[in-house]
Structure formats: C-alpha cells, structure tokens
Amino acid sequence: MLMTGFAGFLGLLKIVLMALAAFGLFDAAFRREDAFRAADKQTKVFWLIILGIALVVSYLFHLLSFLPIIGAIASIVYIVDVRPAVKQVSGGGGGRRGGSSSDGPYGPYNGGR
C-alpha cells in the first residue's frame, strides 16, 4: 500500500514537471527573438531546444533518473530567471502595474500645470 502511494506521488510529480516544461516551451515560443537578446539571455532557439528536450525527457524517463532532474532545473531556470527578464524587456504583456490612468509615456500628465 505504501508503494502504491509513492508511485502515485511520483506520477503526480512527473505530471507537474512535464507541465512546467510545457509551459516554458509555449511561453518561449510566443516571445520575440529580439527580446531574448535585449535581456542578455541565451537565444530563443536555444531555450526552445532545451525546454523541448526537457519535456521529452520528463515524459520518457523515470523521474528518479538523472535526465528528468536536469530538465526540471532547466525549466525552473527559464521560468524564474529568463521569462521575467524577457517579459520586462518586451513590455510586460498584461495589465498595468502601478501608475494611474492619467500617466503618459514620460510620467504623469498634470493638465498643463
């Protein structure tokens, strides 16, 4: 019974790691190439290859082997380090953070005062 629970936990963990790699892969696929260079990170093609390999390896190999752990580390590095830098360079993408609706491109608009 304990082994069945452990196997279920490993199966769930494998799904989570595959989801991380898939999220990183799809996120990198929809980012602009020049944003990676502007953020001083590796190229878009590099991250697509690394995250694609991480996704395939996490699907094919047992979770306790060496390769899925490396793939998980690569996915986490992309999500924690590369993605925020590329997102910041490319203008965010999503709602406004801070500021008000009267802010212009160079600061707050004060109506000519």
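A salt bridge is a side-chain nitrogen of Lys or Arg within 4 Å of a carboxyl oxygen of Asp or Glu. This definition will be needed at several stops of the tour, which moves through a predicted model.

**The whole chain**

Begin with the entire chain in a cartoon view. Four helices and two strands are present, and along the sequence they follow the pattern α-α-α-α-β-β. Of the 113 residues in the chain, 26% are buried. Switching to a surface view shows what the chain exposes: about 7,900 Å², with carbon and sulfur atoms supplying 69% of that area. Among contacts with a separation of 6 or more, 64% are between residues 24 or more positions apart.

**First selection: Asp-27 and Arg-83**

Select Asp-27 and Arg-83 and display their side chains. The two residues form a salt bridge, and their closest N and O atoms are 3.3 Å apart. Asp-27 belongs to helix 1 and Arg-83 to helix 4, so the pair ties together parts that are 56 residues apart in sequence. Is Asp-27 buried or exposed? Its relative accessibility is 11%, and because buried means under 20%, Asp-27 counts as buried. Arg-83, by contrast, is partly exposed, with a relative accessible area of 22%. Now add Arg-31 to the selection: Asp-27, Arg-31 and Arg-83 are linked in a network of salt bridges.

**Second selection: Ala-28**

Move one position along to Ala-28, which also lies in helix 1. Ala-28 is buried, and its relative accessible area is 0%. Which residues does Ala-28 touch, leaving aside those up to four places away in sequence? They are Phe-36, Lys-44, Leu-48, Leu-51 and Tyr-78. A distance label drawn between the C-alpha atoms of Ala-28 and Ile-79 should read 9.6 Å, although these residues are 51 residues apart in sequence.

**Third selection: helix 4**

Select residues 66-89, which make up helix 4. This helix has 24 residues and reaches 34 Å from its first C-alpha to its last, close to the 34 Å expected at 1.5 Å a residue. Where does helix 4 bend? The bend is at Val-82 and amounts to about 40 degrees; a proline, Pro-84, follows within four residues.

Next, colour the buried residues of this helix: Pro-68, Gly-71, Ala-72, Ala-74, Ser-75, Tyr-78, Val-82, Ala-85 and Val-86. Two of these names have already appeared on the tour: Tyr-78 is among the residues touched by Ala-28, and Val-82 is the site of the bend. Beyond the end of the helix, select Gly-91, which follows helix 4 and has a positive phi, near 95 degrees.

**Fourth selection: Asp-81 and Lys-41**

Return to helix 4 and show Asp-81 together with Lys-41. Their side chains meet in a salt bridge, 3.1 Å from N to O. Asp-81 lies in helix 4, whereas Lys-41 lies in the loop between helix 2 and helix 3 (44-60), so the pair ties together parts that are 40 residues apart in sequence. Asp-81 is partly exposed at 39% relative accessible area, and Lys-41 also counts as partly exposed, at 26%.

**Fifth selection: Asp-40**

Stay in the loop between helix 2 and helix 3, where Asp-40 is found. Most residues other than glycine have a negative phi. Asp-40 has a positive phi of about 60 degrees although it is not a glycine. At 70% relative accessibility, Asp-40 counts as exposed.

**Sixth selection: Glu-33 and Arg-37**

Step back to helix 2, residues 33-38. Glu-33 and Arg-37 both lie in this helix, four residues apart, about one turn of the helix. Their side chains meet in a salt bridge, with 3.9 Å between N and O. Arg-37 counts as exposed at 54% relative accessibility, while Glu-33, at 28%, counts as partly exposed. How many salt bridges does the model contain by the definition given at the start? The count comes to five.

**Last selection: a nonpolar patch**

Finally, return to the surface view and select Met-3, Phe-6, Phe-9, Leu-12, Leu-13, Val-16 and Leu-64. Together these residues make a nonpolar surface patch of about 720 Å². Phe-6, one of its members, lies in helix 1, which covers residues 2-29. Phe-6 is partly exposed, with a relative accessible area of 41%.

Notes. Residues are numbered from 1 along each chain as its sequence is written. This is a predicted model: local features need pLDDT of at least 70, side-chain atom pairs count only at pLDDT 80 or more; totals for chains, interfaces and linings use all residues. Side-chain values use heavy atoms; hydrogens and water are left out. The expected span of a helix is 1.5 Å times one less than its number of residues. The bend at a residue is the angle between axes fitted to the seven residues ending there and the seven starting there. Buried means under 20% relative accessible area, exposed over 50%, partly exposed in between (1.4 Å probe, protein chains only). Patches are made of residues with over 30% relative accessible area and no salt bridge: like charges are joined within 9 Å, nonpolar side chains (Val, Leu, Ile, Met, Phe, Trp, Tyr) within 5 Å. Accessible areas come from the Shrake-Rupley method with a 1.4 Å probe; for residues, only the protein chains shown count as cover. Contact means heavy atoms within 4.5 Å.
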